[in-house]
There are 4 protein chains.
Amino acid sequence: MSTKQLNVGIIGAGRIGKVHAETLAFRLPEVRTLAIADVNREAAQALAARCGIPTVTESSAAIFANPQIEAVLICSSTNTHADLIVQAAQAGKHIFCEKPIAHDLGQIDRALAAVEQAGVKLQIGFNRRFDANFARVRQAVVSGEIGTPRLMHIVSRDPAPPPVSYIRVSGGIFLDMTIHDFDMARFLIGDEVEEVYTSGGVMVDPEIGKAGDLDTALIVLRFRNGVIGTIDNSRQAAYGYDQRVEILGSLGSIATANCYPNQAVVSTGTEVRQDLPLNFFMDRYTESFASEVRAFVQAVREDQPTRVAGIDGLVAVVMGLAARKSYDEHRPVRLDEVR
Amino acid sequence: MSTKQLNVGIIGAGRIGKVHAETLAFRLPEVRTLAIADVNREAAQALAARCGIPTVTESSAAIFANPQIEAVLICSSTNTHADLIVQAAQAGKHIFCEKPIAHDLGQIDRALAAVEQAGVKLQIGFNRRFDANFARVRQAVVSGEIGTPRLMHIVSRDPAPPPVSYIRVSGGIFLDMTIHDFDMARFLIGDEVEEVYTSGGVMVDPEIGKAGDLDTALIVLRFRNGVIGTIDNSRQAAYGYDQRVEILGSLGSIATANCYPNQAVVSTGTEVRQDLPLNFFMDRYTESFASEVRAFVQAVREDQPTRVAGIDGLVAVVMGLAARKSYDEHRPVRLDEVR
Amino acid sequence: MSTKQLNVGIIGAGRIGKVHAETLAFRLPEVRTLAIADVNREAAQALAARCGIPTVTESSAAIFANPQIEAVLICSSTNTHADLIVQAAQAGKHIFCEKPIAHDLGQIDRALAAVEQAGVKLQIGFNRRFDANFARVRQAVVSGEIGTPRLMHIVSRDPAPPPVSYIRVSGGIFLDMTIHDFDMARFLIGDEVEEVYTSGGVMVDPEIGKAGDLDTALIVLRFRNGVIGTIDNSRQAAYGYDQRVEILGSLGSIATANCYPNQAVVSTGTEVRQDLPLNFFMDRYTESFASEVRAFVQAVREDQPTRVAGIDGLVAVVMGLAARKSYDEHRPVRLDEVR
Amino acid sequence: MSTKQLNVGIIGAGRIGKVHAETLAFRLPEVRTLAIADVNREAAQALAARCGIPTVTESSAAIFANPQIEAVLICSSTNTHADLIVQAAQAGKHIFCEKPIAHDLGQIDRALAAVEQAGVKLQIGFNRRFDANFARVRQAVVSGEIGTPRLMHIVSRDPAPPPVSYIRVSGGIFLDMTIHDFDMARFLIGDEVEEVYTSGGVMVDPEIGKAGDLDTALIVLRFRNGVIGTIDNSRQAAYGYDQRVEILGSLGSIATANCYPNQAVVSTGTEVRQDLPLNFFMDRYTESFASEVRAFVQAVREDQPTRVAGIDGLVAVVMGLAARKSYDEHRPVRLDEVR
């Protein structure tokens, strides 16, 4: 491994940009963050102050132009991802990009082609692969602990829907929310999905329906190796963030439970109870955000492949488009119909 | 309530006939079992001796002809159910019949018509409705504890497949195994299913596939009220009998775990472990078998409707036929296509 | 094993007498209950009617005098146990007797001497040994699954205290309530306690203190083999009946949880909850009551030693007296100081 | 709150010094660590490099002499604590000191007197108070959620004993290991212990006994408010680090479970299992170490009392001495006998 520090730039000082900037500053001494860009200069400055980032800019161009910077983290809004990947690749920077790459396959193709051509590394922000629970499930599959997988279930529910204004630009539930679960399904089983069937509805808020989206969905996945999977999505679970998976294999099963802020059980005259699970992704997946960035840094410094490739970003979007098509046409849809 | 004892006859001294005979003999003093019929006279005699049943016969006709007998329990093989229901109804006996009524809708119609015409009571043996876990889930729905249901999952896996010789006459996984889950789905949600979509495969034993059946299935249910449900079936779970349900509603969720022979947890140098769950239905559903018979006896004695009606027996078979059709035609199938 | 039925008589038609009469009548076809005695003739008659017992008497003498009766179950109040054991033994009957034998060691000695002299079998009603959870813990100790035991904890709390009028004649918490736990401690570890140290108080109801008793106690046990144990007793747990044990051994630990009426977990906007555990001993220990009687019947019919001997009844009382003495004298007390 | 950074020095670059140095460097931007002292200069230099600490010294005197340094963290070996507290106080520095202050009450008195006289703040490193589980239990007591406490149990077992060479200088199990539990007991109940009774033994390793120490102990605590508590200590739990508490109150109970590296449950043909709990304090209490330092920094910057005072450090040692005396004299010992 190189012993010198890796110089990086961050594009986007929003919620996830802040998470990654703090990981780099406080947990990865092998990294120096040289610059942060955001059109919201105030946010960028505050974050720079907190994390000791010397340069603040409103334009990502300044980051790409900085020859010292070897890698960039793209944490801006989705509609900018593809263009920024192209620009970063052309500037010869290694790239960590939040999901999804784009809502449009053409844009994704263009971005991945640029990465390919430039020979830089690209890691997509599917952080959940780095979560201790899901990593343990993947390990059980890889090690043969549960034998050959047969059935898989993913439950992935948010505590509450985002504002309808966000939903309108989100690409829809399948590209905004399920996309994590599509990636998780492929990651856990280690095989490609061939066909999807979607059942769904508007059960949480009619405004979501008026915006042309669903808020509740059940997607059946059929993998090439025969495994059958389901993804259960709801924009609203009264009890908070619900993130579980379960796999039945020929030798047994593995199932994960939610994560709780404490392990206390209170028994009273009316019930035996626990506090609610960790409420949302910033609390639930804290460690995985740090781990994915650590893994990216390590891949760059050791010149290894990243653990979530560009193709993973592409396939998850293909699955999302197929899931929507299945819902619209009320029939199972093969992924090769979409692409 | 009548204070005199109810006189019953039992047809079938096999496994489930034995369970019901013992319930009647040892747990329901308000019942007298006057006769038991089985072509296997030896089995019938042994059971009669154990349970104090005065008359043993090889023919069910003798039971129908006995004017003292007010109600019969039909515990013989499935292919005899419909005819026996017709005969029992014509003889004016109240009827408890094991599931399924028949594999063929015409036979079920005939049986239900005979019951209707005779004005006798009929209860179908969907014992799981009487299980403490599932009754608790139903209560949570009825009471509004979890609000309006949105998503429902049933996991129903056997420890090991039956012999292929049995599978060949079983009516297939949907009529033999899933039929309990179809009924459970309707019971829990309290509404009718409109459409099913089946994904399935042969993952446990290729011989099951050669017999024209599946051993693994995932069925998506769409209810008239919009609820989306899944049933996960496997003929083989390495760890034993897996019987769970989960419902997400607008105000929360309810989920059941499996039942264990003890509540001991052992922690060693390598793991924290429990013994395996109760292995199969005779252990797992012991109490529900007694409860369903108690409920039947009570319905007859108090002249109340039975808690699982003939229509419940019919609809579950319709669902099974639709599920198979969906699998064969690889598309969602509406129940009204089958009937 | 003898193939003929065992003829028994029951003394006492109260709560526990009813439980045993029903077990004998409905679950043990190898037993005929010929007679039941209770000064409350009405209770005895009702129970006789329910369980098909041909003879009802107000006097236990009639039972001892009946030459057909081979064994008796003594389910009357504690103050009668010792005398009834003596009479039963002198009449040559095998004896199942509820705990405790007596509050007084002299009476116990007399009773055990009579049993010894008559050569009849005696089983004391420490039903908890037959509970699935505690039997599993004992098995872990015997099999070496957790290695050599080092520390043991018993938690044994009632949902609510009995009436003070009962407490006054109960022999005190140690002979009335802890006695089960003293026996459990010996059973689980398979060794004798050498010394006890009691800390306790009146925390539930001052009236219990005025009656000269405690309602909360913590007893430290030191076994001859060096194991250290605790018993935690409270007359009142707001959430119901709390019955757990835990053992730490050289290779691991085993711990039991409480038993619940169902395995459903409800998650709402404020908490994740279960229903309360089974509330009291009639629900929690149902199966163990049947199992202990089955074991007694088997021991008599097969001429084997009973699984809970007279000495077990004696030692538990010695431990109770030592525990009280320790509390009174505020120091550790050796069992051989009491006896 | 002051907006300027707090300047601190660290004494001791061993395991716990490293933990605190990293917390200060990476998680508390409001703190600047100006210097670190350790006789092991190499360790100090490595840590300084990692955490950006400008000055490395072998002598704590250099830290006390630095007028810029406002507060010190004493992370050196126990035998140095008291002297360093005195010197730090005399130098006018606020003090965070690892537990225990000393094994000798005279030294503790001297240290606390110096702190008192100097008017500086002192916080003792009882980090477990800041753990999410135990904080939740304390909250249940304070809020009245479980009513008035009656019984309390602390289980505190290490995965494996330290080297006997360490045990010889450790002050014995009560001052080295139980001291955390003594503090926890007082913290949870919010009252003082009046009397202790110790039962214990050498069950893990006879060498520990030869060194004059115990490796297994059960201590009964009697609080002034009547609560009865126990502490269960073992130097060896085969399954790892076991850290649980349970309190029974008049309105209910609260109990904590151990913490696990993941929430996955594997079911196979032989068992239902989880991975082992977090193995030792560096993993189990990670967050609490950061929280205690954050709380200390906050107390200093906001001029508030620290959340673990000098008296807490004193009382825990008094309890340890009383526990040993009880073991030696085989009788309950009041704390005022020791002090």
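Two strands pair if DSSP finds at least two bridges between them, and the strands themselves (E, at least two residues), like the helices (H or I, at least four), are DSSP runs numbered from the N terminus. With that in hand, welcome to the close-ups. Everything here comes from a predicted model, in which local features need pLDDT of at least 70, side-chain atom pairs count only at pLDDT 80 or more, and totals for chains, interfaces and linings use all residues. Residues are numbered from 1 along each chain as its sequence is written, while chains are lettered from A and ligands numbered from 1 in the order in which they are written.

**View 1. Strand E13 of chain A meets strand E12 of chain D.**
Strand E13 of chain A (residues 264–268) pairs with E12(D) in the antiparallel sense, over 5 bridges. A good place to start looking is Val265(A), which stands opposite Ala255(D) in E12(D).

**View 2. The contact between chains D and A.**
Two residues are in contact if their C-beta atoms, placed from the backbone, lie within 7 Å. By that criterion, 29 residues of chain D meet 29 residues of chain A. On the chain D side, helix H1 (15–27), helix H6 (132–142), strand E12 (252–256) and strand E13 (264–268) each supply at least two residues. The residues of this side divide into 15 nonpolar, 10 polar and 4 charged. For these classes, Ala, Val, Leu, Ile, Met, Phe, Trp, Tyr, Cys and Pro count as nonpolar, Asp, Glu, Lys and Arg as charged, and the others, Gly among them, as polar. Because 100% of the interface residues of chain D are also interface residues in chain A, the copies meet through the same surface.

**View 3. The rotation axis relating chains D and A.**
Copies are superposed by least squares on the C-alpha atoms of residues with pLDDT of at least 70 in both. Chain D lands on chain A with an RMSD of 0.0 Å after a rotation of 180 degrees and 0.0 Å of shift along the axis. If you would like a landmark, take Phe26(D): of the residues of chain D, Phe26(D) comes closest to this axis, at 2.1 Å (C-alpha).

**View 4. The contact between chains B and D.**
A turn of 180 degrees, with a shift of 0.0 Å along the axis, lays chain B on chain D at an RMSD of 0.0 Å. That is the relation of a two-fold axis. Of the residues of chain B, Arg273(B) comes closest to the rotation axis, at 2.1 Å (C-alpha). The contact takes 11 residues from chain B and 11 residues from chain D. Strand E13 (264–268) and strand E14 (272–274) of chain B each supply at least two residues of the chain B side, and E14(B) gives the most, with 3 residues. By class, this side of chain B has 4 nonpolar, 4 polar and 3 charged residues. Here too there is a shared surface: 100% of the interface residues of chain B are also interface residues in chain D, so the copies meet through the same surface.

**View 5. The E14 strands of chains B and D.**
E14(B) and strand E14 of chain D (residues 272–274) run antiparallel and are joined by 3 bridges. Within this pairing, look for Gln274(B), which stands opposite Val272(D) in E14(D).

**View 6. An open parallel sheet in chain D.**
Six strands form an open sheet with parallel pairing, in the order E3-E2-E1-E4-E5-E6 (chain D). Strand E3 (55–57) and strand E6 (122–124) of chain D are the edge strands, each pairing on one side only. From one strand to the next, the twist averages 20 degrees. Strand E1 (residues 6–11) and strand E4 (residues 71–74) of chain D share 4 bridges in the parallel sense, and Gly9(D) stands opposite Val72(D) in E4(D). Helix H2 (residues 41–51) of chain D packs on the sheet, touching strand E2 (31–37) and E3 of chain D, and its direction makes about 165 degrees with that of E2(D). For such angles, axes are lines fitted to C-alpha atoms, for helices over the stretch in contact, and the values run from 0 to 180 degrees between N-to-C directions.

**View 7. The two domains of chain A.**
Chain A is divided into domain 1 (6–120) and domain 2 (129–285 + 316–338), with bounds from an automatic or database domain assignment. Their C-alpha centres lie 28 Å apart. In the contact between them, 7 residues of domain 1 meet 6 residues of domain 2.
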